[in-house]
Amino acid sequence: MQQLDFYGLESKDAVRMSWNNLPSTKVQLTRAVVPIGVFYSPMKDLENLVVVEYSPLYCRCGSILNPYCQVDYRNKQWICIFCSMRNPFPKNYADHITEQQLPAEKQPQSTTIEYILANQQTTPASFLYIIDTCVTKEELYAIRDAIQQSLSIIPPDTQVGLITYGRTVFVHELGYEECPKCYSFMSKDYQPQQIIDMLQITNKTDIISRFLVPLSECEFSFNSILDDLQVDPWPVPSGQRELRANGAALKIGSIILEYASQYSKILFFAGGPCTIGPGQIVGQFYEETIRSYLDIQKEAPNTQYMSKAKKFYNELTQKAIKSNLTIDIFAFTLDQFGLLEMKFLAEKTGGVVVMQEKFDSDVFRESYKKLFDRDSQGFLKMGFGSRIDMFASKDIKIQGAIGPCISLKKQGPMASEQIIGEGGTTSWYAGGLDRNSTILFILDLAPNKDQSNSTHAFVQFITLYRHSSRVQRLRVTTIMRKFADAQTNNELAKGFDQEAACVLMARLGISKTETEESIEVLKWLDRSLIRLVSRFGTYKKDDPSSFKIQAEFQLYPQFMYHLRRSHFITTFGASPDETTFYRASLSRENVTNALVMIQPALLQYTIEDPQPSPVMLDIESLKPDVALLLDSYFNVVVWYGENVQKWKEEGYHELPEYAHIKELLDTPFEDVKLIMEDRFPVPRLIKTYYGHGHERYIKSRVNPSVNTVQNQNVESGNYITDDASLKIFTDHLIKLAVQTVQ
C-alpha cells in the first residue's frame, strides 16, 4: 500500500489528521487509542488557493457546494454530501454547467476555495494601544519606537487609539489637535455607563472622531504623544511594587471598542503584575510573593486574588467576543504578570501572547514587527471576528474543539453528546486569525456506524472572517477520508500520522490539566502509549526481544518521551505564567511548530561538512569538534564543542588559511536567520559553548543516554540528571506492552 503524503495533504488543504484512514467501527476506534483528530489552519498560506469574487451556493442544511458533490446535469441539480438533499442550480449556473464546463467550486483542485463576498465592505479596523508606564525609561522608549515603526506599515484608514496607565489610567483624545488632551481614571472597577459618561461620549461617531481616529488624520498628534511619554511619576517606596492598574486599563479600553462596535484589536503592553484595582493578582509589598504552583496547591494567603481576578478577566473575554475584539498581550518582565488569570483574554479572542524578560530586546522588536507582516498584495496577514462552522457525514460526530476558539453553542445532529474541549456545537468563534492559527477538532463515530456500509467520510469547514482589505471572506475546505478495513489493522495503520497524533495527545493532556493534577495526566499519557504500542506491535507474549512495530509508529514513543519531559504537562521548574505561556503557544500552533516545541530539532556542523545535518537529540551528539544548532521553538541555541571554542578563542577564524573554521563558526547563524524569519514570536538566540553556564539550555533538552551519575564517560563534560534515558524508557514500554495481563 502506498505511503500517504501528510505534508502534501496539509499544503493542499491546511489539514493534518491523526488517522487518515478512519476506523470503521466503534470497537476499532476504541482499540486505536488515539482519537480521530483534525488540525485545521483556516488562514494558512496555500500556494494554489482558488479565490473567486462571488457568493457560494448553500444547501438548506448550511453546507456549501464542493468538488465531492454529485451533479445531476439533466435536471440541473446538485446533491449535498452531508444531508443528501437535491438543490437546484440558480439560472446563471444552470445555463452554462456541463460535464466539461464546471464552475470553480466543482473543479477537483477546489477542495479549498475562498469567496470574496460582494457587498460586504466593512468599516476600517481599530487598533487600541494600551501601554504600561511603570517600566524603566529604556523599556518605555523601546515600546514607543516599536509602535511608531508599525504606524508606517498599517493602512492609513486604520483607526488608532491610545491608553496609558500606571496607578492611574489615561485615555488620550487623539482628535483634539490644539493640544494633548486626556481623561484620567482612578484604578477602580467602573460600570460601562460610568466610563462612557466620564468620557462624554454620546454616540459611535463621537468615539471615532475623538478616541479612535483614522491614522491619516492623527498621525502627527499620535506620534507627539508617544514622543512625550514619561515613566509613571508616582514614587515607589523601598520594598514595594509599582502600583499598576492593568485590569482597569483593559476594561476601559474594551468598553470604548465595544461602543465603537467594529472589528478591533487591543495591543496590550505589560511590564509587570496588576497590583491595584480590578484584576489584581498580588499585593503592593514585596514580602508577599506572587503565587507559585506550590502556593496554589496549599491555598496559601497569596492566592487570595486568583479567583476574583479570573472571574474579572473571563467577563472581559466574553464582552470582547461579543464585540469582535482581539486582544494581543506583550508582557516583558522578569517576574510573573498574571497570565494564569488572564490567559483567556488572548486565547479565546484569537490573540497572541509574547512573553520574555525585556522590552528593550530583539525578541520584542522583531516579534512586534512580525505581527504586521503583509501578503503579496500588501494586506496585513490577519483576520478579524472569524467564525468557523463544521459539517460532517452522518457516520461522524463532532466531539469538540481545542485551541484558540470558543463554542457558539449551535447544537445539531452532528454534535456528539460526548464533549471534549469546546463541544456540544458545530460552530465556533475564533476571533483574530493569523497564518499559523490552528484549531484541533475531535471526531467520533456515530452510534449506528457499525450498521453503515459507507466507505468514505466527508468533513467541511466554513470560515467567515473579516480580511484586512475590509471585505468579508469565506474560506471553504472540504476533505474526504476513507474508512479502513475493519478486519485488519494494516490499512488503519498506514494512515497513522504520528506527528499529528503526538500533538493531539499533547493538546488533550493540556486540556486535562485544567481539571486534573499533572501526575494524573502523565499516567494517562503512559497508559495510552502502552495500549497503542501493544495494539499495533507484533510480539510473542512476555518476550520483549520479539517486539517489532510498524514504521508508521516507530517515532511515536520517542515523541511521547520528550512530551513527558517538557513544560507542557509537568509544572516542575516553571512558574504558573511560564507554563500557561508554553501551553497556550502549543495549543494555537500548527503541527510542525508544535512538534518542535515538544521535540527540538538538533543540527550538526563539522569542518568536513559545514552544511547542517540532523543528528540525534542525544548527549552524545555534543562532541568536541562540532558546532550544534538546537531549535526548541522558543529558544534557538548555537553551541560550540570544546575544540571549536578553543579555535575561536585563539583567533584561527580570522586567518585566511583557516577560512574553513570561519565557515564552521558562521554557518549556524545563517540558519538561525532563516528560522527567525519564519517564526512568531521570534525565538531568543542563545550563544554558548562547552563548559559555559548557558550550556544548560541544550543539555536539559537532550536524551541522557549516558551521564556522570552512573560513572560513564560523557564527552561533553559532567552531565548529572535524574531523568531516565530514551533507551530505558522504551525498554520499560516494550516490557509492559508485551506482558500478559493478569
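1. Is Val596 buried or exposed? In this predicted model, Val596 belongs to helix α18. Its relative accessible area is 15%. Because buried means under 20% relative accessible area, Val596 counts as buried. Leaving aside neighbours within four places in sequence, Val596 is in contact with Asp631, Ser632 and Tyr633. A distant pair may be set beside these contacts: Val596 and Val135 are 461 residues apart along the chain, and their C-alpha atoms are separated by 33 Å.

2. The helix that holds Val596, α18, also packs with helix α14. The angle between α14 and α18 is about 70°, and their axes are 9 Å apart. Since angles of 65 to 115 degrees count as roughly perpendicular, the two helices α14 and α18 are described as roughly perpendicular to each other. On the α14 side, the contact is made by Glu499, Ala500, Cys502, Val503 and Ala506. On the α18 side, Val591, Ala594, Leu595 and Ile598 take part. Sorted by class, the residues of this contact are 8 nonpolar, no polar and 1 charged.

3. Helix α14 has a further partner in helix α16. The axes of α14 and α16 come within 9 Å and cross at roughly 30°. Because angles under 35 degrees count as roughly parallel, α14 is roughly parallel to α16. The crossing of α14 with α16 is right-handed. From α14, the residues that make the contact are Gln498, Glu499, Ala501, Cys502, Met505 and Ala506. From α16, they are Tyr556, Phe559, Met560 and Leu563. This contact has 8 nonpolar, 1 polar and 1 charged residues.

4. How many of the 10 residues of helix α16 are buried? The helix, residues 556-565, is mostly covered, with 8 of 10 buried. These are Tyr556, Pro557, Gln558, Phe559, Met560, Tyr561, His562 and Leu563. Among the elements that cover them are α14 (498-512), α15 (518-536), α18 (591-598) and α22 (726-738). Helices α14 and α18, discussed above, are thus both included in the cover of α16.

5. After helix α16 the chain continues into a loop. Thr570 lies in this loop, between α16 and α17 (576-586). With its neighbours within four places in sequence left aside, Thr570 is in contact with Ser518, Leu522 and Arg564. Thr570 may also be compared in position with Val503: the two are 67 residues apart in sequence, and their C-alpha atoms are 16 Å apart in space.

6. Another helix pair deserves a point of its own. Helix α19 (residues 642-649) and helix α20 (residues 659-677) pack at an angle of about 115°, with 11 Å between their axes. This angle makes α19 roughly perpendicular to α20. The crossing of α19 and α20 is left-handed. In the contact, Val644, Trp647 and Lys648 of α19 meet Ile661, Leu664 and Leu665 of α20. By class, there are 5 nonpolar, no polar and 1 charged residues in the contact of α19 with α20.

7. Helix α11 (residues 339-347) is likewise mostly covered, with 7 of its 9 residues buried. The buried residues of α11 are Leu339, Leu340, Glu341, Met342, Lys343, Leu345 and Ala346.

8. Aromatic rings form the next topic. The whole structure contains 38 aromatic pairs. In one of them, Phe330 and Phe364 are edge-to-face, at 6.1 Å centre to centre and with 85° between the planes. Phe330 is in strand β14 (residues 325-332) and Phe364 is in helix α12 (residues 362-370), so the pair ties together parts that are 34 residues apart in sequence. Phe330 is buried, with a relative accessible area of 0%. Phe364 also counts as buried, at 0% relative accessibility.

9. A second aromatic pair joins Phe441 and Phe461. The arrangement is tilted, with 5.0 Å centre to centre and 40° between the planes. Phe441 lies in strand β20 (residues 439-445) and Phe461 in strand β21 (residues 456-467), so this pair ties together parts that are 20 residues apart in sequence. Both Phe441 and Phe461 are buried.

10. Which residues form one aromatic cluster with Phe330 and Phe364? The other members are Phe127, Phe269, Phe332, Phe359, Tyr368, Phe372 and Phe384.

Notes:
Residues are numbered from 1 along each chain as its sequence is written. This is a predicted model: local features need pLDDT of at least 70, side-chain atom pairs count only at pLDDT 80 or more; totals for chains, interfaces and linings use all residues. Side-chain values use heavy atoms; hydrogens and water are left out. Axes are lines fitted to C-alpha atoms, for helices over the stretch in contact, and angles run from 0 to 180 degrees between N-to-C directions. Helices (H or I, at least four residues) and strands (E, at least two) are DSSP runs, numbered from the N terminus. Angles under 35 degrees count as roughly parallel, over 145 as roughly antiparallel, 65 to 115 as roughly perpendicular and the rest as oblique. A crossing is left-handed if the near helix is turned anticlockwise from the far one by less than a right angle, and right-handed if clockwise. Contact means heavy atoms within 4.5 Å. Ala, Val, Leu, Ile, Met, Phe, Trp, Tyr, Cys and Pro count as nonpolar, Asp, Glu, Lys and Arg as charged, and the others, Gly among them, as polar. Rings of Phe, Tyr and Trp (its six-membered ring) pair if their centres lie within 6.5 Å; planes under 30 degrees apart count as stacked, over 60 as edge-to-face and the rest as tilted. Buried means under 20% relative accessible area, exposed over 50%, partly exposed in between (1.4 Å probe, protein chains only).
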